Each structure stands twice: as C-alpha cells, then as structure tokens.
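Got the viewer open? Load the model and keep the selection tool handy, and we'll take it one stop at a time.

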Amino acid sequence: MAGPVPAQVYREILASGPCVYCGSAAEHVDHVRPLSQGGWEHESNLVPACEACNLSKREKLLDRWVPERVLHGVLASVKVAIEYARVTGAELEM
Ligand SMILES: [Zn+2]
C-alpha cells in the first residue's frame, strides 16, 4: 500500500484547498480510492475533503456515491478525475 505518508504531506493536502467534492472547508484527508478497495496510502490518492463528504463517501468507489459531489470532485481535482475514469471506463479529455 505504498507505505506510510508523512504527517507533513497530510498537512499540505489538507491545506491545499477546500473540499474537492463540495467546496466547503476541508477538515479531513480523503482517500479517493478507498484503502479497502485497493487504494494506496500515497499522496496521489489523497485529497482535501470536508467531514460531511468524507463520512458519507467512506468505503464507496466514485460510481457508488452522490453523483453531484463526484462531478464536483472530477472538476476540482485531477486525482479524482483519474480515479473516476478508472472506475467508469470513461475517456479522459483534459
Ligand atoms: Zn465536502
């Protein structure tokens, strides 16, 4: 699972912007692809998220979660866009 992420990296991701899924203030760091679904403990899989989004998303893959929040995430974060394309098989146009 790519090893532990330094606490400094977590702090930087948390500070990197509002929640990628809804734009509220970020209080959590979300694993875009949940660890239980094969996601990596790695910077490339971590995004800032608000508590409400993180607790709602939990272990869900992006195609199993609130479409409006997923779309917001796809537009706000390349990491989310890449994972969304992976789960749905959609073509990425960037
Ligand atoms: Zn949110």
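Start by selecting G89: just after α4, this glycine takes a positive phi of about 75°. Before moving on, bear in mind that this is a predicted model, where local features need pLDDT of at least 70, side-chain atom pairs count only at pLDDT 80 or more, and totals for chains, interfaces and linings use all residues. Residue numbers run from 1 along each chain as its sequence is written.

Next, step back along the chain and select α4 itself, residues 78-88. Within that helix, colour K79, V80, E83 and Y84, which are buried (20 or more other C-beta atoms within 10 Å of the residue's own, with C-beta atoms placed from the backbone). Look down the axis: these residues sit on the same side of α4, because they cover an arc of only 130° around it (taken from the directions from the helix axis to the C-beta atoms).

What do the buried residues of α4 pack against? Add β2 (46-49) and α3 (67-76) to the selection, and there are the partners (a contact means C-beta atoms, placed from the backbone, within 7 Å).

Now show everything as cartoon. You get 4 helices and 2 strands, in the order α-β-β-α-α-α along the sequence (DSSP runs numbered from the N terminus: H or I of at least four residues for helices, E of at least two for strands).

Last stop, the whole protein. Its C-alpha atoms fill a box of roughly 35 × 30 × 25 Å along the principal axes. Buried residues make up 29% of the 94 residues. Among contacts with a separation of 6 or more, 58% join residues 24 or more positions apart.

Conventions:
A residue is buried if 20 or more other C-beta atoms lie within 10 Å of its own, exposed if 12 or fewer, and partly exposed in between; C-beta atoms are placed from the backbone. Two residues are in contact if their C-beta atoms, placed from the backbone, lie within 7 Å.
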